[in-house]
Amino acid sequence: MPNNYKKSKLLRRSRVMWGSWRVWKPRAVFWAGAFAIGIISVAFAKLADGAQHLFHGVLNAGQWSFLLPLVLTPLGFALCSWLAVTVFPASQGSGIPQAIAARHLRGDEERRRLLSLRLVLGKILLTVSGLFFGASIGREGPTVQVGASIMLLSARIGGMAQAQGLILAGSAAGIAAAFNTPLAGIVFAIEEMGRTYQSRANSLVLTAVILSGISALGLVGSYTYFGATSLSVGTAREWFAVIACGVIGGAFGAMFSAGALRLSQRIKRWVQTAPLKRSVAVAAGCGLLVAVIGVAAGGSTFGTGYEQARGAIEGDALPYGYFAAKLAATFLSMVSGIPGGIFAPSLSVGAGLGSSIGQLLGVSIGLAAVLGMAGYFAGVVQAPMTAFVIILEMTDSHEGIISLMAAAMLGYVTSRMISREPLYHGLSRAWIAEGVRLKRALAKADNEAT
């Protein structure tokens, strides 16, 4: 009798659990959020590609149209900066520092300032606008803030308490859907976003990556971002290329990261006395320099640099000066403060660097381009696992995994010797500090009201 009673009680409890909307609502909302990230990421990619094509169409419209960026680009930068300050605050830059900061903040109000539906709209609109005006930016970093915002909204709608884990899951899903690289999304969550990764977030990250990936695959199918290439390394000269791409790429990546971090901090302090006026002035000045570099480089440094990187991977050598010009354009676009990421432009810089090294050493341009991407990207973000996994999935070059890992690790070690603070985490400190100040101001206002 006792055994039958226990069995019937367990059965009733199981039926209640499986049939309860209270139990299923958080799951349903979470799944819907993950699918939404995949769909929005694909739409974001289409808009970004369209904006780039429109800009290059303007460049080729007439005999003197190649000079139009000298006017269009600084005005566009100024407009994007004005909108970022006045209409979409906290949309500036990549968006990854904001997502990292939101994981450290505890209050809902502070998190909503960095992650919200308003920022989803602003981030997409202003990143696409920046590409239309010729900025050397990418959409992948902004997709992290978009994904984290959608997941934080899901947490509020579904009544879920795991805000930190959901921000992590949304960030991973954003990267996975943006590049069609599910493993890279998971590794990015662990290495770059987490740093203090919690095991209980495992299922959230995996589920979000799977569902966002399924929705993205359903819309655009299975593809590799840069196509397929061979990374077979056998000769001593090719192994020397691995070392050269890793060390030189890491050094340039560290200089980019340290320079961008220090200059961004100085600009942030300088604009505090007149935020709108000075922010717009900085953006316009950076936009003019980006335009000058772009015109001098024949338009190759405008936009994400995807076509140049893919060409190098397929064996078409890039000009020796391309990587330096693209690095400068990306650096200026980043410190200008307009919304936009550095993932795709950094990969393009790395491909240009690798192409130059490959030409000097007399090895395969495609091989050197991929190795350069790994070394430079690992140097910029100081996340070697993310670097080699994301490039591995983007090029489908599994036979060269050891050489790719070696280049990424050398890039990381070299970068750490030059610049001790990772770029995204250094930039996130300012957002965390602002969140803390906001929390104190709200607490003070509540105390005065009572």
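In the predicted model, the side chains of Glu421 and Arg429 meet in a salt bridge, with an N to O distance of 2.8 Å. Both partners retain some access to the surface: Glu421 counts as partly exposed because its relative accessibility is 27%, and Arg429 falls in the partly exposed class at 42%. This pair belongs to a set of six salt bridges found in a search of the whole structure.

Two further salt bridges converge on Glu434. Arg113 pairs with Glu434, the closest N and O atoms lying 3.3 Å apart. The pair links distant parts of the chain, since Arg113 is located in helix 5 (residues 108-114) and Glu434 in helix 19, with their positions 321 residues apart in the sequence. Lys268 also forms a salt bridge with Glu434, here with 3.5 Å between the closest N and O atoms. Lys268 lies in helix 11 and Glu434 in helix 19, so this second pair ties together parts that are 166 residues apart in sequence. Arg113, Lys268 and Glu434 are thus linked in a network of salt bridges. Side chains of opposite charge can pair when their charged atoms come close. Each member of the network is partly exposed: the relative accessible area is 26% for Arg113, 32% for Lys268 and 22% for Glu434. The value for Glu434 places this residue outside the buried class because that class is confined to relative accessible areas under 20%.

Two members of the network also take part in the largest pocket, which has a volume of about 1,000 Å³. Its lining comprises 37 residues, and those nearest the centre are Gln92, Ser264, Lys268, Trp431 and Glu434. Several helices contribute to this lining, with at least two residues each from helix 3, helix 4 (96-104), helix 11 (236-270), helix 12, helix 14 (322-335) and helix 19 (423-449). Helix 19 supplies the largest share, nine residues.

Helix 4, one of the contributors to the pocket lining, is mostly covered, eight of its nine residues being buried. The buried positions are Ile96, Pro97, Gln98, Ala99, Ile100, Ala101, Ala102 and Arg103. The loop between helix 3 and helix 4 contains Ala90, a residue other than glycine with a positive phi value, near 80 degrees. Ala90 counts as buried because its relative accessibility is 4%. A second positive phi value in a residue other than glycine, near 50 degrees, occurs at Gln382. Gln382 occupies the loop between helix 16 (365-381) and helix 17 (384-395), and its relative accessibility of 2% likewise places it in the buried class.

Ala189 provides a further example of a buried position. This residue belongs to helix 9 (residues 182-194) and has a relative accessible area of 0%. Gly165 is 24 residues away from Ala189 along the chain, and the C-alpha atoms of the two residues are separated by 9.9 Å.

On the surface, Trp64, Phe66, Leu67, Leu70, Val71, Leu75, Leu288 and Val292 make a nonpolar patch of about 740 Å². The elements that give two or more residues to this patch are helix 3 (69-86) and helix 12 (275-296). The greatest contribution is that of helix 3, with three residues. Leu67, another member of the patch, is placed in the loop between helix 2 (21-59) and helix 3. Leu67 counts as partly exposed because its relative accessibility is 33%, a value that also satisfies the requirement of over 30% for membership of a patch. Helix 3 and helix 12 each also supply at least two residues of the lining of the largest pocket.

At the level of the whole chain, the secondary structure consists of 19 helices and zero strands. Of the 450 residues, 56% count as buried. The accessible surface comes to about 18,900 Å², and carbon and sulfur atoms account for 65% of this area. Among contacts with a separation of 6 or more, 81% are made between residues 24 or more positions apart.

Terms used. Residues are numbered from 1 along each chain as its sequence is written. This is a predicted model: local features need pLDDT of at least 70, side-chain atom pairs count only at pLDDT 80 or more; totals for chains, interfaces and linings use all residues. Side-chain values use heavy atoms; hydrogens and water are left out. Patches are made of residues with over 30% relative accessible area and no salt bridge: like charges are joined within 9 Å, nonpolar side chains (Val, Leu, Ile, Met, Phe, Trp, Tyr) within 5 Å. Accessible areas come from the Shrake-Rupley method with a 1.4 Å probe; for residues, only the protein chains shown count as cover. A salt bridge is a side-chain nitrogen of Lys or Arg within 4 Å of a carboxyl oxygen of Asp or Glu. Helices (H or I, at least four residues) and strands (E, at least two) are DSSP runs, numbered from the N terminus. Buried means under 20% relative accessible area, exposed over 50%, partly exposed in between (1.4 Å probe, protein chains only). Contact means heavy atoms within 4.5 Å. On a 1 Å grid over the protein atoms alone, a cavity is a set of points where a 1.4 Å probe fits but cannot get out, and a pocket is an open set with protein on both sides within 12 Å along at least five of seven lines; lining residues have an atom within 4 Å of a point. Grid points are joined across faces, edges and corners, and a volume is the space filled by probe spheres set on the points.
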